[in-house]
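Colleague: I should like to learn how to read a model of this kind, feature by feature. Where should one begin?

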Amino acid sequence: MMTAERATIFALSSGRPPAAIAVVRVSGPRAGAALRALIGRVPKPRQAVLARVRDPASGDVIDEALVLWFPGPHSETGEDVAELQLHGGHAVVAGVLDALSAIEGCRPAAAGEFTRRAFENGRLDLTAVEGLADLIAAETSAQRRLAFRQLKGLIGDRAEAWRRRLIEALAFVEARIDFADEADVPEDLIAPALASARQLRDEIAGALAGGRRAERLRDGLVVAIAGPPNAGKSTLLNRIARREAAIVSPYAGTTRDVIEVHLDLDGYPVTLLDTAGIRDSDEPVEQEGVRRARERAAAADLVLWVIDVSAAGRAADTGHKGVGAAEIWLIGNKFDLADDKRRANFASNCTSENRFTYMISAATGEGMATLMAALAAHARQYFAATESAVVTRARHRQALEETLSALDRALNERDGREEVIAEELRAAATTLGRLTGRVDVEDILDVIFRDFCIGK
Ligand code: GDP
């Protein structure tokens with residue numbers, strides 16, 4: 001059954017207890033009533049007050065808290081919002097959440113529900129919502145900078161300005177269609193509309209020209225460690241992860257076949273893959289794993305192909321040419337074991353065919369500083385363009401590409417059919433509207449908000 005009044009939602013918005021402080025937020029029409037029930041009053045807007053928090057049923061004091069009141073519409077969600085900064089103990093938080101549950105019209109928030117209300121009330125557009133999700137997920141400073149710019153309208157404001165100009169151009173064309181017979185309508189309304197569309201086309205194409213690197217910034221530059229068995233791949237990965245770089249999330253996504261380490265190299269995200277687990281197998285499940293591991297290594301931006309230089313045989317003759325990655329660096333490992341002749345041999349063989357050749361000992365750490373500096377420089381260079389990027393997600397790129405196609409169709413309408421031009425301009429405006437969430441987006445909302453945690 002539908003109730004007339006919208007539910008008031010509440011949640012623990014800070015991290016899991018126990019913690020020094022826990023922030024509980026309440027949003028909706030009953031937020032003020034909830035404060036009256038818990039602390040006996042509603043504080044002045046946007047001013048912190050210290051108050052005893054009581055269980056309304058028993059009158060027991062649960063805690064003393066700093067309490068804030070943000071009346072709508074000038075609040076984070078656009079609704080009335082109350083915020084309690086409690087001591088972050090399990091029992092304190094549970095006591096307050098239980099007391100809130102008992103208040104009529106209040107219920108626990110679903111994941112992302114606060115942000116969803118902010119979107120529905122026009123406080124954030126969809127691209128800002130995505131920026132917020134990225135900001136919460138950001139692991140490195142480069143990711144954080146991009147997410148923050150997106151939250152503040154990097155693409156959203158631009159898309160909205162483009163959409164307004166498109167609608168203006170469309171209005172010219174529609175006026176021409178609707179009032180074609182009337183004497184006081186200027187003959188040529190189409191030319192200025194098309195001139196405007198052409199300029200928009202160029203600006204959107206410019207925004208797309210940045211390529212996909214900003215999208216990549218969200219996942220990190222993928223570096224795969226590969227090479228023959230026993231070359232020292234796992235030793236190298238461990239050394240990098242334990243000593244040479246800040247690990248962001250160790251062994252996240254570890255599977256039987258690919259070990260994955262997220263690193264922060266000078267503020268840039270790098271995902272390191274160890275494909276040592278790649279081995280042939282008759283077992284179907286394992287075969288599938290091996291296939292995926294190979295695929296990931298082949299799709300890597302960079303492969304560190306590790307060779308044991310102390311071993312006999314031509315050092316460089318190791319099959320790295322079969323790897324499909326964008327770039328391959330040869331890593332001569334176990335330098336501590338190699339004699340001078342083998343070192344020289346490796347150096348001359350490898351440098352003649354690949355200018356990125358590093359000689360290291362993963363066991364002793366020799367040569368690691370040079371390799372790590374080269375990796376950081378590579379990541380910095382790879383992501384340099386993202387500092388001015390606008391398009392940070394595949395969803396944005398697809399929307400802008402669609403807009404571009406519609407504009408091209410309008411501009412290429414050779415027969416000058418006004419209805420066709422109007423139709424295409426309308427399609428372009430709709431696509432831009434979908435990007436910011438202004439039109440017709442129910443289907444994508446669930447996808448976007450589902451990634452949020454509860455309390456956000
Ligand atoms: P993977 O099969 O390529 O992952 O190779 P591992 O990392 O498991 O290393 C194989 C063996 O070589 C292990 O016994 C390591 O301790 C050893 N090893 C790896 N790197 C070095 C190195 O730089 N110097 C020496 N002396 N031994 C190493």
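Modeller: One may begin with burial: a residue is called buried when its relative accessible area is under 20%, and exposed when that area is over 50%. The model before us is predicted. Thr-8 has a relative accessibility of 0%, so Thr-8 counts as buried.

Colleague: Where does Thr-8 lie, and which residues is Thr-8 in contact with, leaving aside its neighbours within four places in sequence?

Modeller: Thr-8 belongs to strand S1. With those neighbours set aside, its contacts include Val-26, Ser-27, Gly-28, Pro-29, Arg-30 and Ala-31, and also Gly-105, Cys-106, Arg-107 and Arg-117.

Colleague: Is Ser-388 buried or exposed, and where is Ser-388 found?

Modeller: The relative accessible area of Ser-388 is 61%, which means that Ser-388 is exposed. Ser-388 sits in the loop between helix H12 (368–383) and H13. Ser-388 and Ala-207 are separated by 181 residues in sequence, yet their C-alpha atoms are 9.5 Å apart in space.

Colleague: What do the figures for the whole chain say about burial, secondary structure and contacts?

Modeller: Of the 456 residues in the chain, 48% are buried. The secondary structure comprises 15 helices and 13 strands. Among contacts between residues at least 6 apart in sequence, 67% join residues at least 24 apart.

Colleague: How is a sheet to be read, and what is the order of the strands in the open sheet of 6 strands?

Modeller: A sheet is read from one edge strand to the other, with attention to the sense of the pairing. Here the order is S3-S4-S5-S2-S1-S6, and the pairing is mixed. Strand S3 (49–54) and strand S6 (106–108) are at the edges; each has a single partner strand, so one side of each is left without a neighbour in the sheet. From one strand to the next, the twist averages 30°.

Colleague: In what sense do S3 and strand S4 pair, and which residue stands opposite Arg-52?

Modeller: S3 and strand S4 (residues 61–70) pair in the antiparallel sense, over 6 bridges. The residue opposite Arg-52 is Glu-64, in S4.

Colleague: Which strands does helix H1 lie across, and which does helix H2 touch?

Modeller: Helix H1 (residues 31–39) lies across strand S1 (8–12), strand S2 (19–27), S3, S4 and strand S5 (81–88), and H1 runs at about 75° to S3. Helix H2 (residues 90–101) also packs on the sheet, where H2 touches S1, S2, S3, S4, S5 and S6. The direction of H2 makes about 175° with that of S1.

Colleague: How should a single helix be examined, for example helix H14?

Modeller: One considers its span, its buried residues and what they pack against. Helix H14 (residues 418–436) has 19 residues and reaches 28 Å from its first C-alpha to its last, close to the expected 27 Å. Among its buried residues are Ile-421, Leu-425, Leu-432 and Leu-435, together with Glu-424. The buried residues of H14 pack against helices H3 (113–120), H4 (126–137), H6 (156–178), H7 (190–208) and H13 (394–411). After H14 comes Gly-437, with a positive phi near 90°.

Colleague: How many cavities of 30 Å³ or more are there, and which residues line the largest cavity?

Modeller: The count is 1 cavity of 30 Å³ or more, and the largest cavity holds about 30 Å³ of space. Its lining consists of Arg-25, Glu-76, Thr-77, Phe-114, Thr-115, Ala-118, Leu-132 and Lys-456. H3 gives the most to this lining, with 3 residues.

Definitions and conventions:
Residues numbered from 1 in each chain as written. Predicted model: local features only at pLDDT ≥ 70, side-chain atom pairs only at ≥ 80, totals over all residues. Heavy atoms only, no water. Pairing = 2+ DSSP bridges. Helix = DSSP H or I, 4+ residues; strand = E, 2+ residues; numbered from the N terminus. Axes fitted to C-alpha atoms, helices over the stretch in contact; angles between N-to-C directions. Contact = heavy atoms within 4.5 Å. Expected span 1.5 Å × (residues − 1). Buried < 20%, exposed > 50% of the residue type's maximum accessible area, 1.4 Å probe, protein only. 1 Å grid on protein atoms, 1.4 Å probe; cavity = no way out; pocket = protein on both sides within 12 Å on 5 of 7 lines; lining within 4 Å. Points joined across faces, edges and corners; volume = space filled by probe spheres on them.
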